[in-house]
Amino acid sequence: MAKTMMLCLLWLSIALVLTGAYDPDLLQDFCVADDTSADSVKVNGFPCKDPKMVKASDFLFQGLRNEGSTNNIFGSLVTAGNVEKFAGVNTLGISMNRVDFAPGGVNPPHIHPRATEIAFVVEGTILAGFITTNNTLFSQKLEKGDVFVFPRGLVHFQYNIGASSAMTITAFNSQLPGAQVLPFTLFGSSPPVPDVVLSKAFRISEEVVKKISSKFAPN
């Protein structure tokens, strides 16, 4: 009987270790990111500032105040408010972006591998959409005050279909959602994806691949 109890306790311990190898919940009030000290405790890759050195301003981010320049090939600009810019969100599982659009501007098809996104239209008229894993497109015209959600990991886009500038504020359930902008991912990687791969994937000639890639070559 005692041996059976010991075996049960052993297997229970193993199960607890396997199912609870990490605790996704916070184990402290906060962990303001600190990249100035190599000796700081590492939490998900970002060290914690000494709590005694934390100030109220560490929880303030003013980077979304100003309109971004949309003078680029897409006519849009994403201003990120993630942990790389906003130290106070470290370990909190949240972040925000501001996206500015010129008339006709597009936030091109892209993926956030680590987060679901929810977008609030502050100004303008946006066509937003995402594509499921069975290649179904869900798209919707959004007006000022509307909210639209993009499920984690799915290809999605926003396009300003209005006659004036537009702006959205987006929120994520990750401190660093990551982004793969498909034109740059496929045609601007370093080292580059072989031309023959893209040629076969898109059923175009390698000459066309080279022409497209020239528009997205890394700086």
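Trainee: Which residue in β10 is the bridge partner of Ile131?

Mentor: The partner of Ile131 is Val155. The model here is predicted, and the values we discuss are computed from it.

Trainee: What makes β7 and β10 a pair of strands?

Mentor: At least two bridges are needed for two strands to pair. β7 and β10 have six bridges and run antiparallel, so they meet the requirement.

Trainee: What makes β5 and β12 a pair?

Mentor: They have two bridges, in the antiparallel sense. The cut-off is at least two, so β5 and β12 count as paired. In this pair, His110 has Val181 of β12 as its bridge partner.

Trainee: How many bridges join β5 to β10?

Mentor: Three bridges join them, and the pairing is antiparallel. Val106 has Tyr159 of β10 as its bridge partner, and Asn107 is opposite Gln158 in β10.

Trainee: How many bridges join β7 to β8?

Mentor: There are six, between strands that run antiparallel. Gly129, for example, is opposite Ser139 in β8.

Trainee: In what order do these five strands form an open sheet?

Mentor: The order is β8-β7-β10-β5-β12, with antiparallel pairing.

Trainee: Why are β8 and β12 said to stand at the edges?

Mentor: Each has a single partner strand, so one side of β8 and one side of β12 (180-181) are left without a neighbour in the sheet.

Trainee: Which strands make up the open sheet that contains β3?

Mentor: That sheet has five strands in the order β3-β4-β11-β6-β9, and their pairing is antiparallel. β3 and β9 (147-150) are at its edges, because each has a single partner strand and therefore one side without a neighbour in the sheet. From one strand to the next, the twist averages 20°.

Trainee: What makes β6 and β9 a pair?

Mentor: β6 (residues 117-123) and β9 share four bridges in the antiparallel sense. At least two are required, so these strands are paired. One bridge sets Phe120 against Val147 of β9.

Trainee: Why are α3 and α4 called roughly perpendicular?

Mentor: The label applies to angles of 65 to 115 degrees. Helix α3 (residues 195-202) and helix α4 (residues 206-215) pack at about 105°, with their axes 9 Å apart. That angle falls within the range, so α3 and α4 are roughly perpendicular to each other.

Trainee: Which residues make the contact?

Mentor: From α3 there are Asp195, Val196, Leu198 and Ser199, and from α4 there are Glu206, Val209 and Lys210. Three residues of this contact are nonpolar, one is polar and three are charged.

Trainee: What is notable about the phi of Asn135?

Mentor: Most residues other than glycine have a negative phi. Asn135 is not a glycine, yet its phi is positive, at about 65°. Asn135 sits in the loop between β7 (126-131) and β8 (137-142).

Trainee: What is the peptide bond from Ser190 to Pro191, cis or trans?

Mentor: The bond is cis, with omega near -5°. Most peptide bonds are trans. Pro191 is in the loop that connects α2 (182-187) and α3.

Trainee: How many residues line the second largest pocket?

Mentor: There are 18 lining residues, and Val78, Asn97, His112, Gly178 and Ala179 lie nearest the centre of the pocket. The space in this pocket is about 270 Å³.

Trainee: What makes a residue part of that lining?

Mentor: A lining residue has an atom within 4 Å of a point of the pocket. Strands that each supply at least two such residues are β3 (76-81), β4 (95-101), β5 (106-111) and β11 (166-172).

Trainee: Into which classes do the lining residues of the second largest pocket divide?

Mentor: Eight are nonpolar, seven are polar and three are charged. Gly counts as polar in this scheme, so Gly178, one of the lining residues, belongs to the polar class.

How values were computed: Residues are numbered from 1 along each chain as its sequence is written. This is a predicted model: local features need pLDDT of at least 70, side-chain atom pairs count only at pLDDT 80 or more; totals for chains, interfaces and linings use all residues. Side-chain values use heavy atoms; hydrogens and water are left out. On a 1 Å grid over the protein atoms alone, a cavity is a set of points where a 1.4 Å probe fits but cannot get out, and a pocket is an open set with protein on both sides within 12 Å along at least five of seven lines; lining residues have an atom within 4 Å of a point. Grid points are joined across faces, edges and corners, and a volume is the space filled by probe spheres set on the points. Axes are lines fitted to C-alpha atoms, for helices over the stretch in contact, and angles run from 0 to 180 degrees between N-to-C directions. Angles under 35 degrees count as roughly parallel, over 145 as roughly antiparallel, 65 to 115 as roughly perpendicular and the rest as oblique. Contact means heavy atoms within 4.5 Å.
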